[in-house]
Amino acid sequence: MSEVVAVSEPVRGHRRAVLIRIGFLVVAALVLYGFLPTLTETYGELPQLADVRHPGWFLPMVGFEVASFACSWAMVRLALPTVPWSVAATAQLTGNALSRVVPGGAAVGGAGAAPHGQG
């Protein structure tokens with residue numbers, strides 16, 4: 001009788017792990033479905049990159065975009081000096097992503113951009 005209990009415990013734990021993974025898979029599929037309009041719009045504009053006459057311009061474009069994000073993080077650090085760079089960066093990136101996807105745009109993105117986790 002004790003052998004049956006010992007055998008059924010790992011099976012029950014394995015079944016639970018599989019159900020949790022399936023749950024995460026379903027959530028990921030729903031999130032991707034929600035992002036689908038934004039993703040198709042973004043990838044639909046990729047052919048416009050062919051209009052750039054000299055490919056050497058891509059390096060400065062990426063550099064200026066990275067500098068733009070870094071300046072935004074620096075502004076958060078100026079306003080809130082105790083916030084680490086990583087928190088400022090993730091808060092800004094989260095707010096930016098939310099403002100582009102969630103209905104409500106900048107209002108929701110602004111709330112998402114507030115640095116959290118300070119205690």
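Is Phe69 buried or partly exposed? Let's keep that one in mind for a moment while I introduce the chain, and then we'll come back to it.

Hi everyone. What you have on the screen is a predicted model. The chain holds 4 helices and 0 strands, and reading along the sequence gives the pattern α-α-α-α. There are 119 residues in the chain, and buried residues account for 8% of them. The chain exposes about 9600 Å², with carbon and sulfur atoms supplying 72% of that area. One more number for the whole chain: take the contacts between residues at least 6 apart in sequence, and 32% of them join residues at least 24 apart.

Now let me take you to one pair of helices. Two packed helices are described by the angle between their axes and by the distance between those axes. Here the pair is H2, residues 58-79, and H3, residues 85-101. Their axes are 9 Å apart, and the angle is about 120 degrees. The crossing of H2 past H3 is right-handed.

Who makes the contact? From H2 come Phe69, Ala70, Ser72, Trp73, Ala74, Val76 and Arg77, and from H3 come Trp85, Ala88, Ala89, Gln92, Leu93 and Asn96. Sorted by class, that gives 9 nonpolar, 3 polar and 1 charged residues.

So, back to the opening puzzle. Phe69 sits in helix H2. Its relative accessibility is 21%, and buried would mean under 20%, so Phe69 counts as partly exposed. Leaving aside residues up to four places away in sequence, Phe69 touches Gln92, Leu93 and Asn96. Take Gln92 from that list: 23 residues separate Phe69 and Gln92 in sequence, while their C-alpha atoms are 8.3 Å apart in space.

Val76 is another residue of helix H2. Val76 has 22% relative accessibility, and therefore counts as partly exposed. Gln92 turns up here again: Val76 and Gln92 are 16 residues apart in sequence, and 8.7 Å apart from C-alpha to C-alpha.

Let's cross over to H3 itself. How many residues does H3 have? The count is 17, and from its first C-alpha to its last H3 reaches 25 Å, close to the 24 Å expected at 1.5 Å a residue. Which residues of H3 are buried? They are Val87, Ala88, Ala89, Ala91, Gln92 and Gly95. If you were listening for familiar names, Ala88, Ala89 and Gln92 also belong to the contact with H2.

Last stop, Thr90, which is found in helix H3 too. At 48% relative accessibility, Thr90 counts as partly exposed, because exposed would need over 50%. Thr90 and Trp73 are 17 residues apart along the chain, with 9.1 Å between their C-alpha atoms.

If you take one picture away, let it be H2 and H3 packed at an angle of about 120 degrees, with Phe69 of H2 touching Gln92, Leu93 and Asn96. Thanks for listening!

Conventions. Residues numbered from 1 in each chain as written. Predicted model: local features only at pLDDT ≥ 70, side-chain atom pairs only at ≥ 80, totals over all residues. Heavy atoms only, no water. Helix = DSSP H or I, 4+ residues; strand = E, 2+ residues; numbered from the N terminus. Buried < 20%, exposed > 50% of the residue type's maximum accessible area, 1.4 Å probe, protein only. Contact = heavy atoms within 4.5 Å. Areas by Shrake-Rupley, 256 points an atom, 1.4 Å probe, with all protein chains shown as cover. Axes fitted to C-alpha atoms, helices over the stretch in contact; angles between N-to-C directions. Left-handed = near helix turned anticlockwise from the far one by under 90°. Nonpolar A, V, L, I, M, F, W, Y, C, P; charged D, E, K, R; others polar. Expected span 1.5 Å × (residues − 1).
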